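Work through the exercises below with the structure open. Each task is followed by a solution in steps.

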Amino acid sequence: MRKSILTLIAAASLAFGGAVHCQEQRTPSRSKPNEVVIDFHMHIPYHLIAKTLVSAKEKGLDALVFTDYNSADKFDRIAENKDPDGKQILPRYWDIRKVSNRLLKVSFPQGELYLPRGEEIRVTQPRKGDILVCGTEKSIAGGMDAKTTFQEVYSQGGIGGFAHLCAPLFYGLGEEVFLDVMKTFNPRQFPLFLEKNAQVPERNFDYNSQVEELARKHNVALVGDSDAHGNYLWEYQQVGVKYHSVIEGISPSDNLIEDLSKTFRNSPQSIRIKGNYNHIFRNAAWNAVSTMKNFGPKVKSTLEGLRQGKK
Ligand SMILES: [Zn+2]
């Protein structure tokens with residue numbers, strides 16, 4: 001019974017997601033020498049990383065940031081090409097080059113992709129919420145307050161951002177925390193970004209337009225991210241279809257982190273967002289599958305999110 005419901009959800013979601021997918025395929029992002037196409041936010045399980053890289057490259061991406069919760073260790077695992085169970089992550093003949101502790105470059109038959117070290121950190125003060133990180137040197141633990149977390153990101157030479165800032169249900173930290181962080185860390189000196197998140201169904205919620213408004217008002221970099229959760233429903237194929245960013249004026253190179261940091265600080269207006277957001281039906285389908293597979297933890301986190309949303 002459970003299996004047939006899952007199949008039904010998957011089929012319906014694919015039928016729907018597929019339509020969006022085909023439409024998007026006609027105008028894929030193709031990177032030019034003086035731009036970098038990048039997605040800063042995704043959750044991809046180890047067994048789908050190789051497929052995600054191929055799929056993203058075919059859609060024109062130059063760089064991806066894997067942002068596991070409260071850990072940037074995926075970077076080290078990919079560098080060693082061994083998952084936590086000792087299984088190989090990428091085909092042995094692919095070239096994995098560690099440019100530095102902050103950046104990997106993977107070359108494979110379809111092309112090359114840069115993988116900056118990244119993470120999505122859940123802070124607990126002044127409220128619970130998520131911070132995105134790119135280009136740090138090592139993992140930063142969750143559970144600290146927002147400012148201390150940003151301080152740590154910047155002390156490691158990384159770039160910090162607010163995930164889905166205005167969506168309390170998704171653990172967005174909200175405008176007040178953003179303004180407070182900005183007071184301490186001037187975005188002209190410390191690379192900071194806000195995010196238009198593709199998991200926000202824009203037809204039903206205006207969280208993304210609120211974020212856009214804040215970015216414009218305060219002249220802060222605004223990126224587009226898929227926030228793809230790859231475990232179910234072929235979500236990994238949505239990287240490069242759902243929101244991602246085109247950073248103009250820089251090229252994919254071993255200096256990627258420094259170039260991104262400079263762009264965020266000096267010319268946030270040279271970032272364009274491409275792609276689509278999720279339809280609410282696809283969100284619902286993904287959540288239904290996820291809930292059926294992990295009933296207890298899922299219900300707990302949804303309830304917690306609802307409680308957070310009321311604060
Ligand atoms: Zn996320």
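**Exercise 1.** Determine whether the crossing of α4 and α5 is left-handed or right-handed, and describe how the two helices pack.

Solution. This is a predicted model.
- Locate the helices: α4 covers residues 146-155 and α5 covers residues 175-184.
- Take the axes: they lie 10 Å apart, at an angle of about 45°. Angles under 35 degrees count as roughly parallel and 65 to 115 as roughly perpendicular; the angle here therefore makes α4 oblique to α5.
- Assign the hand: α4 and α5 cross in the right-handed sense.

**Exercise 2.** Which residues of α4 meet which residues of α5? Sort them by class.

Solution.
- On the α4 side the residues are A146, K147 and F150; on the α5 side they are V177, V181 and T184.
- Sorted by class, this contact has four nonpolar residues, one polar and one charged.

**Exercise 3.** Give the strand order of the open sheet of five strands, and find its edges.

Solution.
- The order is β7-β8-β9-β10-β11, and the pairing is mixed.
- The edges are β7 (118-123) and β11 (221-225), because each of these pairs on one side only.
- From one strand to the next, the twist averages 35°.
- Take one pair: β7 runs antiparallel to β8 (residues 129-134), with six bridges. Within this pair, G118 has C134 as its bridge partner in β8.
- Add the helix: α6 (residues 207-218) packs on the sheet and touches β10 (192-197) and β11. The direction of α6 makes about 155° with that of β10.

How values were computed
Residues numbered from 1 in each chain as written. Predicted model: local features only at pLDDT ≥ 70, side-chain atom pairs only at ≥ 80, totals over all residues. Axes fitted to C-alpha atoms, helices over the stretch in contact; angles between N-to-C directions. Helix = DSSP H or I, 4+ residues; strand = E, 2+ residues; numbered from the N terminus. Parallel < 35°, antiparallel > 145°, perpendicular 65-115°, else oblique. Left-handed = near helix turned anticlockwise from the far one by under 90°. Contact = placed C-beta atoms within 7 Å. Nonpolar A, V, L, I, M, F, W, Y, C, P; charged D, E, K, R; others polar. Pairing = 2+ DSSP bridges.
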